[in-house]
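I opened the notebook with a few places to look up, and I keep the entries in the order in which I went through them.

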Amino acid sequence: MAAPASPDSATERFVIENCAVATVDSHDTVHPTGHLVIAGDTIEAVGAGPAPEDLAHVTRRIDGTGHLVTPGLVNTHHHFYQWITRGLATDHNLFDWLVALYPTWARIDAPMLAAATQGSLGMMVRGGVTTACDHHYVFPRGAGDLVAAELAAAAAIGARLTLARGSMDRGEKDGGLPPDFAVETTEGALLATEEAIDTHHDASFGSLVHLAAAPCSPFSVSTELLRQSAELARRKGVRMHTHGSETVEEETFCHELFGMGPTAYFETTGWLGDDVWMAHCVHMNDADIDAFARTGTGVAHCPSSNARLAAGIARVPDMLAAGVPVGLGVDGTASNESGELHTELRNALLINRLGAHKEAALTARKALRLGTRGGARVLGRAAELGSLEPGKLADLVLWKLDGLAHSSIADPVTALVFGAAAPVTLSLVGGRPVVEDGHLTRVDEDAVARAARDEARRLTRIAAGG
Ligand SMILES: [Zn+2]
């Protein structure tokens, strides 16, 4: 990964000042009143007080009075396509919910995925996300190039994306959960994943698109697909992602089929390592957490989805104490209809306080850290993203905290995490605005909403056989 060029004297500068600054650096430094100087696509300076007045080539100077600036939020787990299957199977646990929805999901095509991508990503970006991961694992035969369709739709929004190219090859006839018509062959999934990586993965500093290899879960993929996906990812130098230890039922499934729990199964198939991150990790014992810490395996903590599907409470404080990298995830919007990450800061804090550590489980600053720096580490981008420090990419959010919802809370990070979802006045990706005054800058939100509604209706008709 090349280091960023230092800005030359002609580089255009963007200044934000008179606002609180939560840097999320290694000391969680907060400047009650501070400034940022952005040069090109990177952060040039961060500090207390106003910005220097004699800076050259300042093209925009923002008075951030009443605001808090933080690093852009990083979403580490999602399934964008589910934007058009929200509000279904609302009172089910994971396995029943999957069985209810797989037949509908298996009918998805390129226009549906494009509309769902803009809905999912647009909603998150409007709420302060600047980097998102989508784990897409439904590739029906004859559906066209879904990876290209998704990347084109996502590019229009302007955020950074890790597309985790998923796969399923264990249908019902092989003891898996998905219907047989919804799965790929092992070889077909591997070839398509390799082609997607070769075509689209960009490992450069400031990249907008990363690919990852991402077989769906132990109960929907073969052992061979897990093993060979790990070999493929390591041969190509990309990261690996899957679902792990989400429910008690998954644990039972693994013991019955493989004679061991999920974490031991992942270890035997090459799926623990500092190039791996896993969604959920709710049902982890001490030995499992030790194995993640020992190997540097990351976790995408998805508190709202875990509550929606009654999966349980992940042991996030224990993971952090052991040194496990942890980020936050929305998860697919069929199990988290709001589809926002900024509310997950609050939910992660509140839900973990219902666990063993009670009020000591997480603080507001730790929750913000999970949603920024933690997520950047989990996605393998700690050198570029996740904190406001000179040399890092200018991905940041200006939250409005002087309105009715927050003005009486003195500490800005407390207001952001404990308070209502804060309005986003400005959000930048690489120094370029993706949100201004609470709205996406590059797409028409009403048009995105209409397309999502129309594609959701078309999918419902097709799934009903109409
Ligand atoms: Zn998921």
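Is Leu379 buried or exposed? I note beforehand that I am working from a predicted model. Leu379 has 29 C-beta neighbours inside 10 Å, and because 20 or more is the cut-off for a buried residue, I count Leu379 as buried.

**Entry: around Leu379**

I placed Leu379 in the loop between helix 12 and strand 14 (396–400). Setting aside the neighbours within four places in sequence, I found Leu379 in contact with Val74, Thr76, Thr131, Cys133 and Thr162. I also looked up Trp271, which is 108 residues away from Leu379 along the chain, and the C-alpha atoms of the two are separated by 15 Å.

**Entry: helix 12**

I then went back to helix 12, which covers residues 364–378, and noted that its 15 residues reach 20 Å from the first C-alpha to the last, close to the 21 Å expected at 1.5 Å a residue. I found a kink of about 45 degrees in helix 12, and I put its centre at Leu370. Of the 15 residues of helix 12, 14 are buried, and I therefore describe the helix as largely enclosed by the rest of the structure. Just after helix 12, I recorded a positive phi of about 75 degrees at Gly380.

**Entry: strands 7 and 8**

Thr162, one of the contacts of Leu379, is listed among the buried residues of strand 8, which led me to that strand. Eight of the eight residues of strand 8 (residues 160–167) are buried, so I read this strand too as largely enclosed by the rest of the structure. Taking the faces separately, I listed Arg160, Thr162, Ala164 and Gly166 on one side and Leu161, Leu163, Arg165 and Ser167 on the other, all of them buried. Strand 8 pairs with strand 7 (residues 129–136) in the parallel sense, over six bridges, and in this pairing I found Thr131 opposite Arg160.

**Entry: helix 5**

Which elements are included in what covers the buried residues of helix 5? I noted strand 8 again, together with helix 4 (186–200), strand 9 (209–215) and strand 10 (239–244). The buried residues that I listed in helix 5 are Leu225, Leu226, Gln228, Ser229, Ala230 and Ala233. Helix 5 (residues 223–236) has 14 residues, and I noted a reach of 20 Å between its first and last C-alpha, close to the expected 20 Å. Just after helix 5, Gly237 takes a positive phi of about 75 degrees.

**Entry: positive phi outside glycine**

Most residues other than glycine have a negative phi. I therefore wrote down Ala89, which is not a glycine and yet has a positive phi of about 45 degrees, and Asp331, which is likewise not a glycine and has a positive phi of about 70 degrees. I located Ala89 in the loop between strand 6 (73–75) and helix 1 (94–105), and Asp331 in the loop between strand 13 (326–328) and helix 11 (342–353). Ala89 has 17 other C-beta atoms within 10 Å and is partly exposed, whereas Asp331, with 30 C-beta neighbours inside 10 Å, counts as buried.

**Entry: strand 1 and its partners**

With which strands does strand 1 pair? Strand 1 is joined to strand 4 (residues 58–63) by five bridges, the two running parallel, and here I found Glu17 opposite Asp63. With strand 2 (residues 30–39) the pairing is antiparallel, over eight bridges, and Val15 stands opposite Val37. With strand 5 the pairing is parallel, over two bridges, and Ala20 stands opposite Leu68. I also noted that nine of the 10 residues of strand 1 (residues 13–22) are buried, which leaves the strand mostly covered.

**Entry: the two domains**

Last, I looked up the domain assignment, which gives domain 1 as 13–71 + 387–440 and domain 2 as 73–378. Their centres, taken over C-alpha atoms, are separated by 29 Å, and the contact takes 25 residues from domain 1 and 26 residues from domain 2. On the side of domain 1 that touches domain 2, the elements giving two or more residues include strand 5 (67–71), helix 13 (412–418) and strand 15 (424–429). Helix 13 supplies the largest share of that side, five residues. By class, I recorded 15 nonpolar, six polar and four charged residues on this side of domain 1.

Note on methods:
Residues are numbered from 1 along each chain as its sequence is written. This is a predicted model: local features need pLDDT of at least 70, side-chain atom pairs count only at pLDDT 80 or more; totals for chains, interfaces and linings use all residues. Helices (H or I, at least four residues) and strands (E, at least two) are DSSP runs, numbered from the N terminus. The expected span of a helix is 1.5 Å times one less than its number of residues. The bend at a residue is the angle between axes fitted to the seven residues ending there and the seven starting there. A residue is buried if 20 or more other C-beta atoms lie within 10 Å of its own, exposed if 12 or fewer, and partly exposed in between; C-beta atoms are placed from the backbone. Domain bounds come from an automatic or database domain assignment. Two residues are in contact if their C-beta atoms, placed from the backbone, lie within 7 Å. Ala, Val, Leu, Ile, Met, Phe, Trp, Tyr, Cys and Pro count as nonpolar, Asp, Glu, Lys and Arg as charged, and the others, Gly among them, as polar. Two strands pair if DSSP finds at least two bridges between them.
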